[in-house]
Amino acid sequence: MSNTIIVWFRNDLRIRDNEALYRAVQDAQTVIPVYCIDPRQFAKTPFGFTKTGPFRAQFLLQCLHDLRYSLQDLGADLVVKTGKPEEIIFALAKYHKAKAVYCHQEATDEEYRVEDALINHLDTIDVPLEMFWGSTLYHYDDLTALLPIENLPDVFTQFRQFAETRLQVRPTYPVPPPITLPPNVQTGSIPALQELGLTPPTPDARAVMPFTGGETAALLRLKYYLWEKDLLKSYEETRNRLIGGDYSSKLSAWLALGCISPRTIYEEVQRYEQERVKNKSTYWLIFELLWRDYFRFVAVKYGNHLFKPGGLKQLPPNTTYQPALFERWAKGQTGIPFIDANMRELNATGFMSNRGRQNAASFLVKDMKQNWQAGAAWFEHLLIDYDVCSNYGNWNYIAGIGNDPRQDRYFNVLSQTAKYDAKGEFVKLWCPELRKLPSGRIHEPYLLQPPEQRYVGVVLGVQYPHPCIDITHWRATGK
Ligand SMILES: Cc1cc2nc3c(=O)[nH]c(=O)nc-3n(C[C@H](O)[C@H](O)[C@H](O)COP(=O)(O)OP(=O)(O)OC[C@H]3O[C@@H](n4cnc5c(N)ncnc54)[C@H](O)[C@@H]3O)c2cc1C
């Protein structure tokens with residue numbers, strides 16, 4: 001057996017604070033870093049669209065290029081192969097007579113199944129798969145040493161209080177020292193988006209910001225948000241806005257693919273608190289990272305219930321799936337401008353604000369009475385920052401089958417717009433056909449009488465759709 005360890009990169013596409021990589025470099029003379037582009041991630045869902053759409057795929061490919069450059073700087077390279085990880089990693093381990101495979105652990109079923117299949121293959125050649133936990137702020141082992149996962153509170157606040165008082169954030173791992181590749185390693189090329197069967201998205205000037213994949217861009221974004229523009233100090237006041245890059249950190253996509261770790265962000269926020277200001281906003285960014293942690297731990301606790309129609313609460317399903325109606329929501333043609341604006345933003349850019357996601361998800365489930373799983377799958381297809389635990393956890397929460405302690409929480413679109421888009425600026429940005437509507441009608445074009453419709457150039461059913469729900473009942477009851 002050689003003194004080689006394979007590092008299997010998954011959603012940890014970074015060299016800083018990467019325990020699997022760091023330890024491999026300590027434990028072996030030669031290290032082979034590998035990423036597998038798994039065709040199953042590009043397959044169609046039962047709803048007829050692919051799991052991964054062009055925005056995230058493009059971001060992923062950029063991440064791989066950046067990781068390859070970083071590893072080359074360390075004297076190594078990134079092996080990139082298309083195929084099932086359980087087969088590719090096994091074949092590499094066998095060929096290079098690796099003594100172990102190291103990787104980061106995931107938290108949900110599809111990933112577990114790949115891990116199990118790989119373990120089974122590796123067992124035949126006596127090679128262990130060693131897994132590390134590196135995706136959350138608080139370490140899984142630190143949490144479960146005090147609180148077995150089955151006792152994880154079902155209410156976020158209880159978890160947060162426990163974490164804040166009983167747990168410590170572990171320090172980050174440094175960039176590893178130079179890495180030596182064994183001889184005869186075929187690195188392979190990183191495919192173009194078209195080779196994955198996807199068309200490159202057209203950039204949209206209305207996007208909150210351009211997202212470029214990779215650790216380099218992630219660190220630049222952190223620097224911009226904290227140090228260059230000093231935006232963190234007012235995060236708590238701005239975070240519910242809808243337009244532009246500066247209202248929130250926009251770190252989610254880099255976190256989702258592991259280009260940056262939550263611990264790295266935490267350390268930088270601590271430094272900011274020491275050198276600039278410590279206030280409610282600096283606390284709140286970490287508070288949001290705790291939500292991210294929580295959904296990951298919830299996924300471990302509940303396993304596949306996260307994906308089932310009745311969700312974590314295992315309730316009987318109370319929605320239907322009507323493809324034509326779902327399509328109106330997905331394409332931003334519901335006739336409710338705030339929902340349409342958010343969905344069009346998602347379709348055109350791969351991003352939607354947190355406020356938008358809450359409203360769009362609530363509207364689909366509570367107002368249109370449509371299957372939440374279809375909505376979650378559409379988000380999975382389009383979001384650059386798609387993260388299985390955050391996406392399905394939030395959808396469970398909004399659909400009332402997850403971790404929301406409030407029974408029947410409901411986002412009333414009209415009161416939400418009064419609060420967050422009072423002048424209709426966001427709607428006008430994404431629904432340009434409504435631009436001429438006065439502010440009293442911008443969120444309710446269906447109230448325009450036919451002469452007014454002609455005056456503002458919006459005839460319902462022609463330039464803009466009729467509402468897809470019973471509007472009289474909706475306005476009267478808020479549902
Ligand atoms: C229906 C629905 C689906 C969602 N799907 C995803 C998803 O697939 N991936 C994802 O990263 N987030 C998801 N979110 C959470 C949230 O909307 C995004 O994390 C956030 O909008 C990203 O923007 P930001 O990085 O500027 O966030 P910021 O406001 O700057 O927050 C900082 C970080 O905290 C974390 N965070 C913030 N809010 C949440 C939350 N509610 N749940 C979990 N983590 C949070 C994110 O990692 C985020 O980057 C979803 C929310 C809803 C309501």
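This report walks through a predicted model, starting with its nonpolar cores and ending with a few loop residues.

## The nonpolar cores

Let's start on the inside. The largest nonpolar core has 146 residues, and the members that touch the most others are Leu64, Trp254, Trp329 and Phe363. Helix α11, which spans residues 280–302, is the top contributor to this core with 14 residues. There's also a second, separate core of 20 residues, with Val34, Ala93, Val101 and Leu118 among its members. As a general pattern, nonpolar side chains in soluble globular proteins tend to be buried together.

Want to see what one of those core residues is up against? Find tryptophan 329. Skipping its neighbours within four places in sequence, Trp329 is in contact with residues including Ile339, Met343, Phe363, Leu364, Trp378, Phe379 and Trp395. Thr334 and Gly375 are also among the contacts of Trp329.

## Around the ligand

Now turn to the ligand. It's surrounded by 26 residues, and the closest are Tyr235, Ser248, Ser249, Lys250 and Asn354. Two side chains point you to oxygen atoms of the ligand: a polar side-chain atom of tyrosine 235 sits 2.5 Å from one oxygen atom, and a polar side-chain atom of serine 249 sits 2.6 Å from an oxygen atom. With aspartate 385, look at the backbone instead: one of its N or O atoms lies 2.8 Å from a nitrogen atom of the ligand. On its own the ligand would expose 810 Å², and the protein buries 96% of that.

Which elements give two or more residues to the shell around the ligand? They are α9 (252–256), α11, α14 (354–367) and α16 (388–399). Helix α11 turns up again here, giving the largest share of the shell, five residues. Sorted by type, the shell holds 12 nonpolar, eight polar and six charged residues.

## Two loop residues with positive phi

Here's a backbone detail you can look up. Glutamine 314 has a phi near 55°, which is a positive value in a residue other than glycine. You'll find glutamine 314 in the loop between α11 and α12 (323–330). With a relative accessible area of 49%, glutamine 314 counts as partly exposed, because exposed means over 50% and buried means under 20%.

Lysine 369 is another non-glycine residue with a positive phi, this time near 60°. Its place is the loop between α14 and α15 (372–382), and lysine 369 is partly exposed as well, at a relative accessible area of 46%.

## Two buried loop residues

Is asparagine 240 buried or exposed? Asparagine 240 belongs to the loop between α8 (235–238) and α9, yet its relative accessible area is 16%, so it's buried. Leaving out residues up to four places away in sequence, asparagine 240 touches Arg355 and Tyr420. The side chains of asparagine 240 and arginine 355 are joined by a polar contact of 3.0 Å.

Threonine 136 sits in the loop between β5 (129–132) and α5 (140–146), and at 2% relative accessibility it's buried too. Its side chain makes a polar contact of 2.6 Å with the side chain of tryptophan 133, and it also reaches the backbone oxygen of tyrosine 138 at 2.5 Å. Beyond four places in sequence, the contacts of threonine 136 include Pro262, Arg263, Arg292, Asp293 and Phe297. Try finding leucine 290 as well: it's 154 residues from threonine 136 in sequence, but the two C-alpha atoms are 8.4 Å apart in space.

Conventions: Residues are numbered from 1 along each chain as its sequence is written. This is a predicted model: local features need pLDDT of at least 70, side-chain atom pairs count only at pLDDT 80 or more; totals for chains, interfaces and linings use all residues. Side-chain values use heavy atoms; hydrogens and water are left out. A nonpolar core is a set of buried Ala, Val, Leu, Ile, Met, Phe, Trp, Tyr and Cys residues joined through side-chain atoms within 4.5 Å. Buried means under 20% relative accessible area, exposed over 50%, partly exposed in between (1.4 Å probe, protein chains only). Helices (H or I, at least four residues) and strands (E, at least two) are DSSP runs, numbered from the N terminus. Contact means heavy atoms within 4.5 Å. A residue is near a molecule or strand if one of its heavy atoms lies within 4 Å of it. A polar contact is a pair of N or O atoms within 3.5 Å; within protein, one must be able to donate a hydrogen and the other to accept it, and residues adjacent in sequence count only if both atoms are side-chain atoms. Accessible areas come from the Shrake-Rupley method with a 1.4 Å probe; for residues, only the protein chains shown count as cover. Ala, Val, Leu, Ile, Met, Phe, Trp, Tyr, Cys and Pro count as nonpolar, Asp, Glu, Lys and Arg as charged, and the others, Gly among them, as polar.
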